[in-house]
Amino acid sequence: MSSLDLAVIGNCAFGALIDAKASIVWSCMPRFDSDPVFCSLLNGDAPPERGIYQVELQDFRRSEQSYRRNSAVVTTRLYDSSDGVVEITDFAPRFKHFGRIFRPPTIVRHLRPVSGSPRIRLRIRPAYGYGSGTPQTTRGSNHIRYVTPHMILRLTTDAPITYVQEEVPFILDRPISLILGPDESLTAPVDETSREFFRKTDEYWQEWTRYLALPFEWQEAVIRASITLKLCSYEETGAIIAAMTTSVPEAPDSGRNWDYRYCWLRDAYFVVHALNRLGATKTMEDYLTYISNIVSSNTDAISGNGNLQPVFGVSLESRLDETTCPSLPGYRNMGPVRLGNGAYTQVQNDGYGSVILASTQSFFDSRLAHPGDVSFFEKLEALGHKAIRLWDQPDAGLWELRTRQQVHTYSAVMCWAACDRLAKIAARLAMTERSAFWADAAMRIREGILERAWNRELNSLVSAFEGEDMDASLLCLQEVGFLPADDPRFLGTLEQVEKKLKNGGFLHRYAKPDDFGAPEVAFNVCTFWYIDALAAAGRTEEARELFEAMLAARNPLGLLSEDMATDTRELWGNFPQTYSMVGLINSAMKLSKTWEEAY
């Protein structure tokens, strides 16, 4: 049965998910939103005919899996029932080459016998058409070519080609390498290439990790989350995807199956905040460039009657038409499998504030090579004017409700944040009149929110204007500076969120039934928001205890998906979830002892 006890490899162009037995269960090539070459994760429970990459140890008994220290290289050991052990090292090449980053859509696997005489079978069956098509194959003396309508992959190996092509079991009596990637000949022997790629890739990740600004506590967890966040970035454009997968259900048989291989603007502020705290300025600046390109390419919609859509493709695609995929039955047969995401057509008014909050960094951070200037500020002002117009208008909200619109408090607060930050940016640029204009707009919006979103009976702000329901995004009000954490109105809101949304210590995003019924699982980033709110309110010990519980809920590789069943602590939802990893980083930074305190 499929599970999310998976490792992630990648190189900031594509990624792959590897299960505990070293099978590659998901990988889209040549980039995150491409047709999956390996897709057994979504192929139900029946043995798949295609879309698999397995190292099958005969008489298998158990396995061990871990990342190399401070690296995106993963090692799996398979044990048979006697003394046979095989070790598989997996990675996607990424290193500096000729002054640039070399990151081909390539998976390198190195197999070596550790003890005994392990007998293995290699099953390498790429697919296309989301698991519906089998590539044609041709072979050479040391390679197999997999020919699909849109791409040709070449497997180069020093394993016996006949054994690989015919899936014949054989004794692994020496190390072998398998390099699967573009249809290009290697310029050196496959073993030499494999070892060189391994050394340079491992060194790259250790070097990258060395420059992270880490908290004193929980360093290993933060490093793993940081590497995973980096792996979810599409370096060519700067985009950061929400997750590498599509349609892993948020809860069993819920129908809440969505394609997350895209970039949501609402993630922008929290992602930039985490990257800034880590000191990962290059990734942060690339992401800010992606955001600024969205602003520049959507000026007509922003300045006219259109809306800034909430989600884009990794290369700024604006159309993400949603369809269902009949060829894949789904994770544990829990379909549908969806491709594309219809949320791109929704009105979500929090996006204006999200973009401006993220972009504010570029006006105040002297480390950046391309700081914000007056021209970029004027483009952001167009977003601010939309925020003024739309702060009290109904939208689908950050939870992307498909059949219901309300004036959501979180969206209104993000419109306030847009104006508040524009005032600060204008002051930074010595534009006194513009600063005063935006400060006045922010004040008027704030007064309106506090009047219409406040429920006197509950002594709390509520999810929507003139409403009575709660949602976890209200915990972010202190994070974005709308209310101080010691404000009685925020403390009252925190109390109601705990009362209505807390389940087994973890947080649901909301409780009111939506298009698919009442939410059944905790939303991991909401629990991190709750941890941050507890810490800000001075309830540090509670926050630390819950943070430790979230660390314990990670999979064996230290990763998180979007959701968690509060009774079993099983992970659900798309994987690895960027938002969850960002939540972990931000909470660790806030809760950790300082280095000075530790010494």
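The side chains of Lys 590 and Glu 479 meet in a salt bridge, 2.3 Å from N to O. The model is predicted. The two partners sit 111 residues apart, so to place them: Lys 590 is in helix α14, and Glu 479 is in the loop between β25 (460-461) and α11 (488-501). Lys 590 counts as partly exposed because its relative accessibility is 29%, between the limits of 20% and 50%. Glu 479 has a relative accessible area of 17%, so Glu 479 counts as buried.

**Salt bridges**

- The whole structure holds 43 salt bridges.
- One of them joins the side chains of Arg 256 and Asp 514, at 2.8 Å from N to O.
- That pair links distant parts of the chain, with the two positions 258 residues apart in numbering. Arg 256 lies in the loop between β19 (239-240) and β20 (263-264). Asp 514 lies in the loop between β27 (506-507) and β28 (522-523).
- Both Arg 256 and Asp 514 are buried.
- Glu 400 forms a salt bridge with Arg 266, and their closest N and O atoms are 3.4 Å apart.
- This pair also links distant parts of the chain, 134 residues apart. Glu 400 is in the loop between α8 (374-390) and α9 (409-428). Arg 266 is in the loop between β20 and α4.
- Glu 400 is buried, and Arg 266 is buried too.
- A network of salt bridges links Glu 56, Arg 121, Arg 123, Arg 125 and Glu 167.

**Cavities**

- A search of the whole structure finds five cavities of 30 Å³ or more.
- The largest cavity has a volume of about 370 Å³.
- Its lining has 23 residues. Nearest the centre of the largest cavity lie Tyr 260, Leu 398, Trp 399, Glu 400 and Arg 509. Glu 400 is the salt-bridge partner of Arg 266.
- By class, the lining of the largest cavity has eleven nonpolar, two polar and ten charged residues.
- The second largest cavity has a volume of about 100 Å³.
- The second largest cavity is lined by 15 residues. Closest to its centre are Phe 270, Glu 479, Trp 529, Asp 532 and Asn 586. Glu 479 is the residue that meets Lys 590 in a salt bridge.
- Helices α4 (268-278), α12 (524-536) and α14 (578-591) each supply at least two residues to the lining of the second largest cavity. Helix α14 gives the most, with five residues.
- The lining of the second largest cavity divides into eight nonpolar, four polar and three charged residues.

**Largest pocket**

- The largest pocket has a volume of about 620 Å³.
- It is lined by 27 residues. Met 1, Asp 19, Ser 23, Val 25 and Gln 54 are the closest to the centre of the largest pocket.
- Strands β3 (24-28) and β5 (52-57) are the elements that give two or more residues to this lining. The largest share, six residues, comes from β5.
- By class, the lining of the largest pocket has 15 nonpolar, seven polar and five charged residues.

**Strand β8 and its neighbours**

- Strand β8 spans residues 85-91, and seven of its seven residues are buried.
- Val 85, Glu 87, Thr 89 and Phe 91 point one way from β8. Val 86, Ile 88 and Asp 90 point the other way.
- Strand β7 (residues 74-80) pairs with β8 in the antiparallel sense, over six bridges. Thr 75 has Thr 89 in β8 as its bridge partner.
- A hairpin of four residues joins β7 to β8.
- Strand β11 (residues 107-115) runs antiparallel to β8, and seven bridges join the two. Ser 115 in β11 stands opposite Val 85.

**Ser 194**

- Ser 194 is placed in helix α2 (residues 190-210).
- Ser 194 counts as buried because its relative accessibility is 1%, against a cut-off of under 20%.
- Leaving out residues up to four places away in sequence, Ser 194 touches Phe 91, Val 108, His 110, Ser 177 and Ile 179.
- One of these contacts, Phe 91, belongs to the group that points from β8 together with Val 85, Glu 87 and Thr 89.

Terms used:
Residues are numbered from 1 along each chain as its sequence is written. This is a predicted model: local features need pLDDT of at least 70, side-chain atom pairs count only at pLDDT 80 or more; totals for chains, interfaces and linings use all residues. Side-chain values use heavy atoms; hydrogens and water are left out. Buried means under 20% relative accessible area, exposed over 50%, partly exposed in between (1.4 Å probe, protein chains only). Two strands pair if DSSP finds at least two bridges between them. On a 1 Å grid over the protein atoms alone, a cavity is a set of points where a 1.4 Å probe fits but cannot get out, and a pocket is an open set with protein on both sides within 12 Å along at least five of seven lines; lining residues have an atom within 4 Å of a point. Grid points are joined across faces, edges and corners, and a volume is the space filled by probe spheres set on the points. Ala, Val, Leu, Ile, Met, Phe, Trp, Tyr, Cys and Pro count as nonpolar, Asp, Glu, Lys and Arg as charged, and the others, Gly among them, as polar. Contact means heavy atoms within 4.5 Å. A salt bridge is a side-chain nitrogen of Lys or Arg within 4 Å of a carboxyl oxygen of Asp or Glu.
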